[in-house]
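Got your viewer open? Load the model below and we'll walk through it stop by stop.

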Amino acid sequence: MVKEDKIASIADLASFCKKNGFVFQSGEIYGGLAGFWDYGPLGAELRNNIKSLWWGAFVRKREDVVGIDGAIITHPMVWKASGHVDSFTDPLVDCLKCKERHRADNMLEDVGVENADALSIERMDELIQKKKIKCPKCKGDLGNVRRYNLMFRTQVGPVESESSISYLRPETAQLIFSNFQFVQKINRMKLPFGIAQIGRSFRNEISPRNFLFRDREFEQMEIEFFVHPDEYNKCPFMDEVNELVLNAYSSENQLKKQKMKKIALKELVKKKIMKANWQAYWIAKQYYWFIELGVSPDNLRVRQHLPDEKSHYALDTWDIEYQFPFGWKELQGIANRTTFDMTQHMKYSKKDLQYFDEETGKKVVPYVVAEPSQGVERAFLVFITDSYRKENSGTKDERVVLKLHPKLSPIKIAVFPLLKNDDNLVKKSREIFNELREHFETFYDSSGSIGRRYRRMDEVGTPYCITVDHKTIEDNTVTVRDRDSMEQMRVKTDELVNYLRELLSGKIKFSK
Ligand SMILES: [Zn+2]
């Protein structure tokens with residue numbers, strides 16, 4: 001009987017990622033910069049795989065979504081119109097004694113106040129007094145709570161003045177809204193359709209925490225899906241998603257302190273718990289994306305924002321949450337933003353950004369029915385957390401294995417000569433390696449025992465290892481070893497590429 005342990009804490013996850021070269025603290029040789037991370041060779045590959053799988057699923061394979069790649073610094077009026085200049089803030093409180101700055105809402109949540117980030121500044125001050133909260137660092141008295149803007153400011157051009165101030169974008173969404181009309185007209189897109197973007201965003205978080213979970217530089221994979229304002233329930237693809245059974249935690253369940261429920265998506269829609277078909281559809285598509293890439297459905301749920309939790313302009317917001325070692329946390333937010341954004345940009349730019357509906361001959365303000373917004377880093381954390389196993393079969397023979405979906409694996413195939421000092425084996429192995437790397441991310445390793453080499457590949461999620469031995473020289477077959485079952489079989493070298501391609505794509509299963 002094999003005992004399987006999962007990752008126990010976020011600290012274990014961080015040290016696993018560092019040990020295997022996935023992620024390091026940025027600037028670590030100088031002590032590190034909080035909230036910034038550098039990705040090593042395997043981390044860079046995993047990130048790239050996540051992004052290209054997402055883009056493939058939601059842009060390349062769809063006729064109704066097109067992609068853009070907007071600038072990180074854009075016209076500051078974009079951030080005025082979006083509300084970020086005036087209200088993209090967190091509540092900050094200073095310690096009067098040691099001058100350390102803290103997030104007021106986090107401190108309130110630490111003493112049991114729910115949804116503290118939705119409270120007014122005045123209410124936070126009251127609660128800090130009432131609950132006698134002190135500085136967590138020095139126990140000193142705290143000052144008044146004030147708002148602190150999370151955007152990174154910078155200066156454009158050589159002269160420093162009010163008008164040269166700009167911002168690193170705090171989200172990718174606004175680049176989609178400000179380019180909406182341009183993209184729609186050039187590509188002759190008709191409602192309903194979406195615009196997607198993958199790109200870096202920056203938030204000057206007061207206290208970045210939980211490893212990659214809340215960082216200051218991150219990358220978003222985002223879609224804004226636009227519909228005619230009267231047609232947010234007219235999704236023609238509901239058949240694709242109706243049967244999805246998911247863990248759902250509606251705002252009513254939360255307010256009544258009930259548990260989340262296992263329920264079919266069609267029931268959530270029928271009972272109007274999910275208010276717009278198109279939004280329900282996008283929630284399901286994003287949920288499926290994680291499941292199809294191997295994430296356990298038991299560790300996923302959708303949670304509806306409470307009335308005082310969602311942004312003022314959003315009609316309804318659902319988060320896809322994942323059960324991390326530190327609790328259920330947001331993995332992706334999917335808001336129904338209505339016509340708010342496009343109306344704002346029309347107001348501030350004084351341009352008519354409406355969509356001309358050819359059928360009715362009327363103009364309408366495009367309605368954003370769903371904004372699936374996924375951080376690459378959070379997806380990264382989920383895929384590693386969910387696939388990590390420490391297997392122990394009672395002997396000393398313990399192994400750590402990342403059971404990553406092969407499409408996500410940074411290295412798909414490893415090639416080993418059985419002996420590193422045998423010229424014939426090395427020559428043959430290099431030949432096979434050079435052929436395979438034309439097709440797959442392939443890694444060559446000749447150091448240490450075969451057992452050690454297998455373990456190293458298991459730990460970074462490589463699905464298949466190939467060993468070249470003396471029999472290979474005689475009959476042109478190699479050993480293919482499967483990561484998950486640890487079983488091995490012989491395959492002819494001239495059939496290897498096709499065989500591996502079918503295995504990796506899931507067309508065939510590994511079996512003797
Ligand atoms: Zn203090």
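Which residue in β7 does D90 stand opposite? Select Y148 and you have the partner of D90. Before moving on: this is a predicted model, where local features need pLDDT of at least 70, side-chain atom pairs count only at pLDDT 80 or more, and totals for chains, interfaces and linings use all residues. Residues are numbered from 1 along each chain as its sequence is written.

Now show strand β5 (residues 89–94), which runs antiparallel to β7 and is joined to it by 4 bridges. Strands here are DSSP E runs of at least two residues and helices H or I runs of at least four, numbered from the N terminus; two strands pair if DSSP finds at least two bridges between them. Add β6 and you get an open sheet in the order β6-β5-β7, with antiparallel pairing. β6 (101–103) and β7 (146–149) are the edges: each has a single partner strand, so one side of each lacks a neighbour in the sheet.

Next, color the largest nonpolar core, 96 residues, in which F225, W278, A280, V369, F380, A414 and I466 touch the most other members. (A core is a set of buried Ala, Val, Leu, Ile, Met, Phe, Trp, Tyr and Cys residues joined through C-beta atoms within 7 Å; buried means 20 or more other C-beta atoms within 10 Å of a residue's own, with C-beta atoms placed from the backbone.) Helix α12 (residues 277–292) gives the most to this core, 8 residues.

Last stop: G375, in strand β19 (residues 367–375). G375 counts as buried because 22 other C-beta atoms lie within 10 Å.

Technical notes: Buried ≥ 20, exposed ≤ 12 C-beta atoms within 10 Å, placed from the backbone.
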